[in-house]
Amino acid sequence: MSGVEQRDGATDVDGVRLAWHEWAGGDARPPVLLIHGLGSSRHIWDLVGPIIGGDRRVIAVDQRGHGESDSPDADYDIERIVRDNRELAEALNLRLPVIVGHGWGAEVALAYAGLYPYGVSAVVLVNGGVMAQPDDSDTTEEPGELTRSGFLSRMRAHLDVPWRAELDDIMLSTVRVHDDESVSPRLSPENRHRIVQAFRAYQLANYFEAIVAPVALVLADRSSDDERVRADLTRLQHSADAALMGLRRSPDRRLVWLSETSPAIPLHRPTELAAEIAATIAGLDD
């Protein structure tokens, strides 16, 4: 998008190097911090960032263990990951950012707003943040014994979104491609396990009542003949209603369902998601 400057960078946070990408089309407030899901990377936001970065700074970060960030062998509890993001925001001078998280990243965003209630302008939870369990397949699956082409074929089937050329590079950002064209996940199985294990101690209610910023829940709704998919959607609906009740100190709580949409909302409905983020920001001025 013309007029939006872009740059890649990396920042050391307590000895862990976090890689990030910035879109900056202006200096409007507040800035935005984008947090990806489990096994994903900052590139999940490549279709959304240029839109919302048209008049402000927007940062998408690779969480520890993911993408091009460092992968320590410990410290994957959610509050450590929140501190990573908080310290990165401070280092990059993102004052009172809007925190946007997808899937597992929505859990991180929720905890961020709960731990630092006066350190955020608003929170947008994208298909996550409402159920007390990790989503182990936000945008990727374990590649297993696959080649580059086999991995991309699996992702096309797994994500079930209209495919576009940019999605190849976005998906490949979650794996390492070796000389023989085989692939391996950037989030190691050991670190994935550490995250999922740490998540078992995660209690949504610990953060709901602490949040005093506006919150938008943007969730995917897709019709299906699969009983399991329908049951998951019903559970998500009930959890979203409970979350809205739990967020009673938030001055503005919005629930948005995107119909006929894949859980990979940033890839399937980037324009609609960007519009909901913009609406959340616009509401801060009301």
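The exercises below, each with a worked solution, concern a predicted model.

**Exercise 1. The order of the sheet**

Determine the order of the strands in the open sheet of 8 strands, and explain why β1 and β10 each have one side without a neighbour in the sheet.

Solution. Reading across the open sheet, the strands come in the order β1-β2-β4-β3-β5-β6-β9-β10, and their pairing is mixed. The strands at the edges are β1 (5-13) and β10 (253-259), and because each has a single partner strand, one side of each is left without a neighbour in the sheet. From one strand to the next, the twist averages 20°.

**Exercise 2. Helices against the sheet**

Identify which strands are touched by helix α3, and find the angle at which helix α8 runs to β10.

Solution. Helix α3 (residues 104-115) packs on the sheet and touches β3 (28-35), β5 (98-102) and β6 (122-126), while its direction makes about 150° with that of β5. Turning to β9 and β10, the two strands pair in the parallel sense over 7 bridges, with β9 covering residues 215-221, and within this pairing Leu217 stands opposite Leu255 in β10. Helix α8 (residues 227-246) lies across β9 and β10, and the angle at which α8 runs to β10 is about 160°.

**Exercise 3. The surroundings of β4**

Work out in which sense β4 pairs with β2 and with β3, and state how many of the residues of β4 are buried.

Solution. Begin with β2 (residues 16-24), which runs antiparallel to β4 and is joined to β4 by 5 bridges; here Glu22 has Ile59 of β4 as its bridge partner. Continue with β3, which pairs with β4 in the parallel sense, again over 5 bridges, and in which Val32 stands opposite Val58 in β4. Finally, consider burial: strand β4 (residues 56-61) is mostly covered, since 5 of its 6 residues are buried.

**Exercise 4. Salt bridges between distant parts**

For the salt bridges Asp8 to Arg42, Glu22 to Arg57 and Arg254 to Glu276, locate the partners and decide whether each residue is buried, partly exposed or exposed.

Solution. The whole structure contains 16 salt bridges, and the three pairs can be taken in turn.

1. The side chains of Asp8 and Arg42 meet at 3.5 Å, N to O. Since Asp8 lies in strand β1 and Arg42 in the loop between β3 and α1 (49-52), the pair ties together parts that are 34 residues apart in sequence. Asp8, with a relative accessible area of 51%, is exposed, whereas Arg42, at 4% relative accessibility, is buried.

2. The side chains of Glu22 and Arg57 meet at 2.5 Å, N to O. Glu22 is in strand β2 and Arg57 in strand β4, so this pair links distant parts of the chain, 35 residues apart. The relative accessibility of Glu22 is 5%, so Glu22 counts as buried, and Arg57, at 21%, counts as partly exposed.

3. The side chains of Arg254 and Glu276 meet at 2.9 Å, N to O. Arg254 belongs to strand β10 and Glu276 to helix α10 (residues 270-283), so the pair ties together parts that are 22 residues apart in sequence. Arg254 has 23% relative accessibility and counts as partly exposed, while Glu276, with a relative accessible area of 18%, is buried.

**Exercise 5. A network and a ring**

Which residues are joined into one network by salt bridges that share partners, and which residue lies over the face of Tyr116?

Solution. The network consists of Asp14, Arg64, Arg80, Asp84 and Glu87. The residue over the face of Tyr116 is Arg86, at 4.5 Å from the ring centre.

How values were computed
Residues are numbered from 1 along each chain as its sequence is written. This is a predicted model: local features need pLDDT of at least 70, side-chain atom pairs count only at pLDDT 80 or more; totals for chains, interfaces and linings use all residues. Side-chain values use heavy atoms; hydrogens and water are left out. Two strands pair if DSSP finds at least two bridges between them. Helices (H or I, at least four residues) and strands (E, at least two) are DSSP runs, numbered from the N terminus. Axes are lines fitted to C-alpha atoms, for helices over the stretch in contact, and angles run from 0 to 180 degrees between N-to-C directions. Contact means heavy atoms within 4.5 Å. A charge sits over a ring if NZ of Lys or CZ of Arg is within 6 Å of the ring centre and within 35 degrees of the ring normal. Buried means under 20% relative accessible area, exposed over 50%, partly exposed in between (1.4 Å probe, protein chains only). A salt bridge is a side-chain nitrogen of Lys or Arg within 4 Å of a carboxyl oxygen of Asp or Glu.
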